Amino acid sequence: VWQYGKTRKRKPGEPPLETGWMPFIGLALDYGRNPLGFLQDMQRKHGNVFTCKIAGKYLTFITDPFSFSSVVRQGKNLDFQKFAMGFSQRVFGHADFNSPMLSESYKEVHSIFRQTLQGPPLQQLTQSMLGNLQTVLSQDSQRGHGWQEEGLQSFTNRIMFEAGFLTLFGQEAELPKLRGVAKAGSFIRKTVRDFLMFDKAFPALAAGVPISLCLSAWRAREALASELKHSGLQRRNCISALIQRRMDAFDRMRLDETGKARTHVCMLWASQANTLPAAFWSLYYTLRSPAALDAALSEINRVLQESEEPLDDPSQLISLTREQLESMTVLDSIIAEALRLSSASIMIRVANEDFVLTLDSGEQVAIRKGDYICLYPQLIHMDPEVYPNPTEFQFDRYLEADGKKKSSFFKAGRRLRHFLIPFGSGASECPGRFFAVNEIKEFLTLALWHYDLELSNPDATLAPDCARAGLGILPPSRDVLLRYRVRERGGTP
Ligand code: HEM
């Protein structure tokens with residue numbers, strides 16, 4: 001809802017209104033420069049609810065964590081799907097699944113997320129990822145046993161992207177035997193390059209710049225789409241149930257071939273764009289903190305020693321049962337802490353009509369039709385009352401004294417239901433969250449088990465790239481140099 005007209009006036013019952021002095025743009029520049037700092041200032045000035053005019057839109061921020069449920073449970077007056085689908089259609093160029101022709105069939109497509117990313121299919125996906133990670137790492141090991149150098153971000157992206165891609169989209173079935181490995185290698189290197197090129201334009205695309213003006217991003221997206229056409233996917237083996245069922249559903253909907261392929265680019269983006277930086281930060285913080293590294297290594301050692309395979313043989317594939325993965329609470333805590341420090345997503349709902357929102361305190365706020373209601377979880381993640389020394393990485397923040405997962409966090413003496421929200425909540429909660437944590441756990445386990453890893457300059461500080469604030473997990477502002485070599489086997493790590 002673009003409001004070009006006169007700046008509006010606050011009506012009785014509405015939250016405090018900040019419009020800035022610039023017509024249309026409003027507070028977009030102040031917000032864009034440092035969203036967290038801007039919202040913290042507004043919170044200090046106005047309290048827990050306020051409306052800001054940003055780029056012609058009116059955004060009402062609810063910053064009290066106890067009122068999060070009032071927003072995410074408001075399915076009747078607050079819509080997520082229409083907004084998210086409009087955004088996705090603009091960026092990925094797929095069909096309008098909100099249209100009357102497609103919206104009923106799309107409900108079925110949407111239900112596939114839950115059916116294939118949770119429950120028993122999750123175990124299958126997790127096992128497949130473990131196998132694929134080991135395939136990728138075994139190609140790496142063939143490079144030799146001395147120390148190697150590479151950026152940590154490049155190392156993480158390369159390994160996680162390829163393994164994640166193979167897990168979802170399967171493997172090329174008909175590569176000639178000898179040239180197969182080289183051909184597969186150049187295919188995946190091009191795919192990861194296209195993915196990163198497209199992803200780099202995301203802040204601009206999210207800010208409303210049409211993709212036709214971001215030529216390299218458009219080319220990269222179309223190159224990905226041409227790799228993900230059904231004719232190509234049908235030649236691949238071991239495609240995940242998630243992608244296979246989406247292919248079948250889109251075939252039944254009779255979309256055109258490019259349109260179908262673009263929905264797969266959208267799925268590829270959802271599965272990788274947050275996972276890659278989350279895996280980066282999890283490994284980065286572990287390598288920077290001797291206590292975290294020690295605790296992680298002894299947990300990995302404990303779990304792998306339980307298995308019956310002879311682990312001194314480096315060619316032996318590692319398997320991890322669901323119970324073993326679940327027992328790795330140190331890795332869980334490291335990942336949760338890395339997510340807390342790097343997540344900067346915004347949760348947006350659109351008001352379907354004028355209505356009154358009742359907050360946890362009982363306060364009632366009038367909301368206008370078309371306004372955006374926003375939650376910004378980083379305000380909780382960085383709240384010193386909930387997390388003392390919030391900018392510090394503490395690997396055991398999510399561990400109880402007995403090593404179990406910690407899930408009680410308090411504000412103003414009250415226990416918080418929502419204390420860590422990197423995956424969203426309610427209608428927009430990420431259906432891939434369990435898989436995401438499992439695959440990062442597997443990546444940490446294998447990387448720390450197979451390699452000696454060192455940051456070249458562990459004392460240098462590294463800031464997240466805030467240009468992507470609002471879009472999910474922030475990537476690092478630059479890459480950092482990693483030294484690694486294959487670990488000599490025969491002892492414990
Ligand atoms: C949606 C976070 C990994 C699949 C979301 C949303 C968030 C999120 C915040 C909601 C977006 C919104 O409000 O508009 C993350 C993070 C991840 C991760 C932090 C990794 C650390 C994954 C993975 C998959 C996945 C691995 C699949 C394999 C999806 C899908 C949606 C989604 C399909 C859209 C759901 C819908 O439309 O209802 N994710 N995600 N995500 N995520 Fe994830």
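A quick term first: two strands count as paired if DSSP finds at least two bridges between them. The model discussed here is predicted.

Q: Which residue of strand 17 is the bridge partner of L453?
A: Start with the strands: strand 15 covers 451-455, and strand 17 covers residues 481-486. These two run antiparallel to each other, with 5 bridges between them. In strand 17, the residue bridged to L453 is Y484.

Q: Which strands sit at the edges of the open sheet with the order 5-17-15?
A: This is a sheet of 3 strands with antiparallel pairing, and its twist averages 30° from one strand to the next. An edge strand here pairs on one side only. That picks out strand 5 (148-151) and strand 15 (451-455).

Q: Which helix lies across strand 5, strand 15 and strand 17?
A: Look at residues 152-169, which form a helix lying across those three strands. Its direction is at about 85° to strand 5. The one you want is helix 7.

Q: Are helix 14 and helix 19 parallel or oblique to each other, and why?
A: Helix 14 (residues 275-288) packs on helix 19 (residues 433-450) with the axes 10 Å apart and an angle of about 40°. The contact includes L283 and T286 from helix 14, and F443 and L444 from helix 19. Angles under 35 degrees would count as roughly parallel, and 65 to 115 as roughly perpendicular. The pair falls in neither range, so the two helices are oblique.

Q: What is the handedness of the crossing between helix 14 and helix 19?
A: Helix 14 is the one passing helix 19 here. Handedness depends on which way the near helix is turned from the far one, with clockwise counting as right-handed. For this pair, the crossing is right-handed.

Q: Why is one side of strand 1 and of strand 4 left without a neighbour in the sheet?
A: The sheet in question is open, has 6 strands in the order 1-2-3-12-9-4, and shows mixed pairing. Strand 1 pairs with strand 2 (residues 49-54) in the parallel sense over 2 bridges, and L17 is bridged to T51 of strand 2. Strand 1 (17-18) and strand 4 (78-79) are bare on one side because each stands at an edge, with a single partner strand.

Q: What radius of gyration does the protein have, and why does it agree with a compact globule?
A: The C-alpha trace spans about 75 × 55 × 40 Å along its principal axes. For 493 residues, a compact globule would come out near 23 Å. The protein agrees with that because its own radius of gyration is 23 Å.

Terms used. Residues numbered from 1 in each chain as written. Predicted model: local features only at pLDDT ≥ 70, side-chain atom pairs only at ≥ 80, totals over all residues. Rg over C-alpha atoms; globule rule 2.2 N^0.38 Å. Helix = DSSP H or I, 4+ residues; strand = E, 2+ residues; numbered from the N terminus. Axes fitted to C-alpha atoms, helices over the stretch in contact; angles between N-to-C directions. Contact = placed C-beta atoms within 7 Å. Parallel < 35°, antiparallel > 145°, perpendicular 65-115°, else oblique.
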